[in-house]
Structures are given as C-alpha cells and as structure tokens.
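Hi,

Here is the model I promised to pass on. Have a look at it first, and my notes follow underneath.

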Amino acid sequence: MTGRIDVLCVDDHIVVRVGLSTIIDQQPDMRVVAHASDGDEAVQQFKKHRPSVVLMDLRLPGTDGFQATRAIRQTDPAARIIVL
C-alpha cells in the first residue's frame, strides 16, 4: 500500500472530468488513474486499474451509472463508489 488514493473519474462531460482531475491531482496523496465517459468504459477501467475510489456520474449514455455501479460491485463488492 502506497498510502495514495487512486481515483477513477466517470462522467460523460469532459469539462467535469478535467475539472475534477485537476483538483484531485493537486492533492499530494491522490491521483486520477483513469477516466471513463460511459458505464461500459467505467467497468473496463475499474477492472484494469482497481482504483481506491470511483467518482460515478449516474446519468451516462448507454450503460448508466446505476448499471455500472452494479457491475463494478459484482467484480469487487468492497469497491468504494461516490455518486456525483
């Protein structure tokens, strides 16, 4: 454990993703390890990076944030997901 909080940022609006990433990456103990713009991509990025925290928008094109949250929880029931 590095003590660093790795974050997956999920939102279909690039301005929101970039804004959150900028704020998070300024913290010495946090970093954004991946972004996703829809639910399917969120699940893929979660499986690939296994972040400490997922920041999840619920309104996403295609697979929405509710469905993505369920899929992530099936992969890892202890996943920490914060709904935006």
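What do the buried residues of helix 2 pack against? They pack against strand 1 (5–10), strand 2 (30–36), strand 3 and helix 3. Keep in mind throughout that this is a predicted model.

Since we're on helix 2, let me stay there for a moment. The helix covers residues 39–49, and its buried residues are Gly39, Ala42, Val43, Gln45 and Phe46. Looking down the helix axis, these buried residues fall within an arc of 165°, so they line one face of helix 2. On the face turned away from that buried side you'll find the exposed residues Gln44 and Lys48. Both ends are worth a click too. At the start of helix 2, Asp38 has a side-chain oxygen that comes to within 3.1 Å of the backbone nitrogen of Asp40. Just after the helix, Arg50 takes a positive phi of about 45°.

Now the interior. The largest nonpolar core has 14 residues, and Leu8, Val10, Val54, Met56 and Ile72 are those with the most contacts inside it. Each of strand 1, strand 2, helix 2, strand 3 and helix 3 supplies at least two residues of this core. Helix 2 gives the largest share, three residues. A second core of six residues lies apart from that one, with Val7, Ile24, Val53 and Leu55 among its members. If you want one residue to centre your view on, try Met56: leaving out residues up to four places away in sequence, Met56 touches Val10, Ala42, Gly65, Ala68, Thr69, Ile72, Ile81, Ile82, Val83 and Leu84.

Next, the charges. How many salt bridges are there? The count comes to two, and Arg4, Asp6 and Arg31 are linked in a network of them. Asp6 pairs with Arg4, with the closest N and O atoms 2.8 Å apart. The salt bridge between Arg31 and Asp6 has its closest N and O atoms 3.1 Å apart. Arg31 lies in strand 2 and Asp6 in strand 1, so this pair ties together parts that are 25 residues apart in sequence. As for accessibility, Asp6 is buried, with a relative accessible area of 14%. Arg4 counts as partly exposed at 30%, and Arg31 is also partly exposed, at 36%.

Last, there's an acidic residue I'd like you to look at. Asp57 is in the loop between strand 3 (53–56) and helix 3 (65–75). Asp57 is buried but has no salt bridge. Why not? Side chains of opposite charge can pair when their charged atoms come close. A salt bridge needs the two charged groups within 4 Å, whereas the nearest side chain of opposite charge to Asp57, that of Arg59, is 6.8 Å away. There is a link to Arg59 of another kind, though: the Asp57 side chain reaches the backbone nitrogen of Arg59 at 3.3 Å. Neighbours within four places in sequence aside, Asp57 is in contact with Val10, Asp11, Asp12, Gly65 and Leu84.

That's what I have so far. Shout if anything looks odd on your side.

Cheers

Key. Residues are numbered from 1 along each chain as its sequence is written. This is a predicted model: local features need pLDDT of at least 70, side-chain atom pairs count only at pLDDT 80 or more; totals for chains, interfaces and linings use all residues. Side-chain values use heavy atoms; hydrogens and water are left out. Helices (H or I, at least four residues) and strands (E, at least two) are DSSP runs, numbered from the N terminus. Buried means under 20% relative accessible area, exposed over 50%, partly exposed in between (1.4 Å probe, protein chains only). Lys and Arg count as positive and Asp and Glu as negative; His and the chain ends are not counted. A polar contact is a pair of N or O atoms within 3.5 Å; within protein, one must be able to donate a hydrogen and the other to accept it, and residues adjacent in sequence count only if both atoms are side-chain atoms. Contact means heavy atoms within 4.5 Å. The arc is that of the directions from the helix axis to the C-beta atoms. A nonpolar core is a set of buried Ala, Val, Leu, Ile, Met, Phe, Trp, Tyr and Cys residues joined through side-chain atoms within 4.5 Å.
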